[in-house]
Amino acid sequence: MNIYKYPSRDEWKEITTRPHLDTTQLNAVVQEILDDVKANGDEAIRKYEEKFDHVALNSLQVTDAEIDEAVGSISPELHKALVLAHDNISCFHSSQKFETRKIETRPGVTCWQKSVAIEKVGLYIPGGTAPLFSTVLMLAVPAKLAGCKEIVLCTPPGRDGKVHPAVLAAARIAGVSKIFKTGGVQAIAGMAYGTESIPKVYKIFGPGNQYVMAAKQIVSIHDVAIDMPAGPSEVCVIADETSNAAYVAADLLSQAEHGTDSQVLLISTSEKTLESVKTEIGIQLEQLPRKELAGKTLENSKLVLVKDSLEAIELSNVYAPEHLIISTSDYNELAEKVVNAGSVFLGKYACESAGDYASGTNHTLPTHGHAVAYSGVNLDSFNRKVTFQHLTDEGIRQIGKAVEIMAENEHLFAHKNAMTLRINDLKQNGK
């Protein structure tokens with residue numbers, strides 16, 4: 001862990017820098033796989049599944065029987081938890097529904113927007129060291145609420161050729177049945193280009209490793225939209241003298257166990273709290289099954305002591321964390337000053353885990369500083385806004401002359417003529 005005590009503003013750039021990854025060679029590997037799948041479809045996907053996931057697949061699509069088996073195999077407690085999380089996510093995202101309002105900008109000029117669901121969306125659910133079945137709910141629930149007609153889900157199978165049962169159970173609860181056994185770059189390629197089995201989609205959602213992220217960004221240039229650019233997961237905790245050091249340490253470690261490229265940042269106004277958190281991290285780390293992975297992640301962690309809460313929130317806004325936990329006594333006041341963050345957790349009881357699973361907010365969030373410009377996944381992510389306008393003869397009289405003048409001054413005379421014809425007709429008809 002790297003400790004900074006009362007750093008100058010000149011040191012903030014170093015503190016807020018994420019671990020750098022040279023993607024030159026990575027992008028070349030990713031492009032090769034994308035091109036192969038684009039050219040050879042299912043055959044290429046099966047080849048890469050055997051190479052990377054060590055499984056030979058006869059069929060890519062998960063059957064209804066496999067989903068039935070998976071739902072029956074998970075514990076009643078997990079099924080109940082998934083249903084609770086589904087209901088909360090649905091409740092929160094339902095509140096985001098867009099209401100159309102017709103606005104008369106001038107007499108006779110009416111403008112409005114209609115929210116239209118993206119017809120075909122692809123959901124990527126990582127496998128690897130932790131099957132993220134919670135991500136199924138985070139993506140599928142708003143997709144269903146938005147009204148997307150086709151929802152395609154891709155996730156890597158195990159060596160037994162089966163998808164993790166909790167992933168399939170979450171998909172059943174969320175109402176998704178078009179599920180394919182493929183992960184990594186080949187899954188992104190399948191959804192971006194379409195294959196014999198996997199339908200082409202219009203937008204791809206979901207987290208993943210550095211290869212998946214590179215694949216999403218490459219295909220987004222020409223072939224398909226994506227939810228957001230993203231990198232490794234991260235958390236920033238702001239603490240003071242009233243913070244519970246054990247809670248703070250647990251929050252930092254919960255992020256650290258995601259992967260060695262994750263990052264954790266503590267900003268504290270209390271040196272005593274900072275030292276207590278450091279001690280607690282050491283104690284709790286030893287009790288974690290994934291302690292080696294979390295310990296490696298902590299090598300990139302930073303514990304920063306600042307002079308006051310205002311400096312703490314300013315530093316956090318510069319960092320623009322994916323997750324921001326404000327566990328100070330004045331969390332309400334600091335919350336008003338948050339400018340850049342993916343999702344914010346207020347007070348000592350609001351741990352990141354709550355938002356990751358069951359509070360109702362979405363855990364698919366901008367990382368790597370992208371929170372300065374991007375939102376996390378929400379209901380709008382699965383919609384487009386189509387704009388409408390209607391003009392009457394009075395509307396032409398109100399804005400027609402301005403349109404002519406502006407078009408003429410942009411030297412777009414066909415634009416001007418489209419309005420001039422209407423103005424002249426109204427004059428001839430005595431209107």
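E408 and K416 are joined by a salt bridge in which the closest N and O atoms lie 2.8 Å apart, and this pair belongs to a structure that is a predicted model. Separately, K5, E271 and E275 are joined into one network by salt bridges that share partners. The points below take up the salt bridges, which number 18 in a search of the whole structure, and then the parallel sheet of five strands.

**The pair E408 and K416**

- E408 counts as partly exposed, because its relative accessibility is 36%, between the 20% limit for buried and the 50% limit for exposed residues.
- K416 is likewise placed in the partly exposed class, its relative accessible area being 23%.

**A salt bridge across the sequence: K162 and E69**

- K162 forms a salt bridge with E69, and the closest N and O atoms of this pair are 3.3 Å apart.
- Because K162 sits in the loop between β5 (150-155) and α6 (165-174), while E69 belongs to helix α3 (residues 64-73), the pair ties together parts that are 93 residues apart in sequence.
- K162 is partly exposed at 41% relative accessibility, and E69 is also partly exposed, at 46% relative accessibility.

**A salt bridge within one helix: R397 and E394**

- The side chains of R397 and E394 meet in a salt bridge, with a distance of 3.1 Å from N to O.
- Both residues lie in helix α15 (residues 393-409), and because they are three residues apart there, about one helical turn separates R397 from E394.
- R397 has a relative accessible area of 43% and is therefore partly exposed, whereas E394, with a relative accessible area of 27%, is partly exposed as well.
- In general terms, side chains of opposite charge can pair when their charged atoms come close.

**The parallel sheet**

- Five strands make up an open sheet, arranged in the order β6-β5-β4-β7-β8, and the pairing between them is parallel.
- The edges of this sheet are occupied by β6 (178-181) and β8 (225-226), each of which has a single partner strand, so that one side of each is left without a neighbour in the sheet.
- Strand β7 (residues 203-205) runs parallel to β8, and two bridges join these strands.
- Within this pairing, I204 stands opposite I226, the latter being a residue of β8.
- As a general matter, strands of a sheet pair through backbone hydrogen bonds, in either a parallel or an antiparallel manner.

How values were computed. Residues are numbered from 1 along each chain as its sequence is written. This is a predicted model: local features need pLDDT of at least 70, side-chain atom pairs count only at pLDDT 80 or more; totals for chains, interfaces and linings use all residues. Side-chain values use heavy atoms; hydrogens and water are left out. Two strands pair if DSSP finds at least two bridges between them. Helices (H or I, at least four residues) and strands (E, at least two) are DSSP runs, numbered from the N terminus. A salt bridge is a side-chain nitrogen of Lys or Arg within 4 Å of a carboxyl oxygen of Asp or Glu. Buried means under 20% relative accessible area, exposed over 50%, partly exposed in between (1.4 Å probe, protein chains only).
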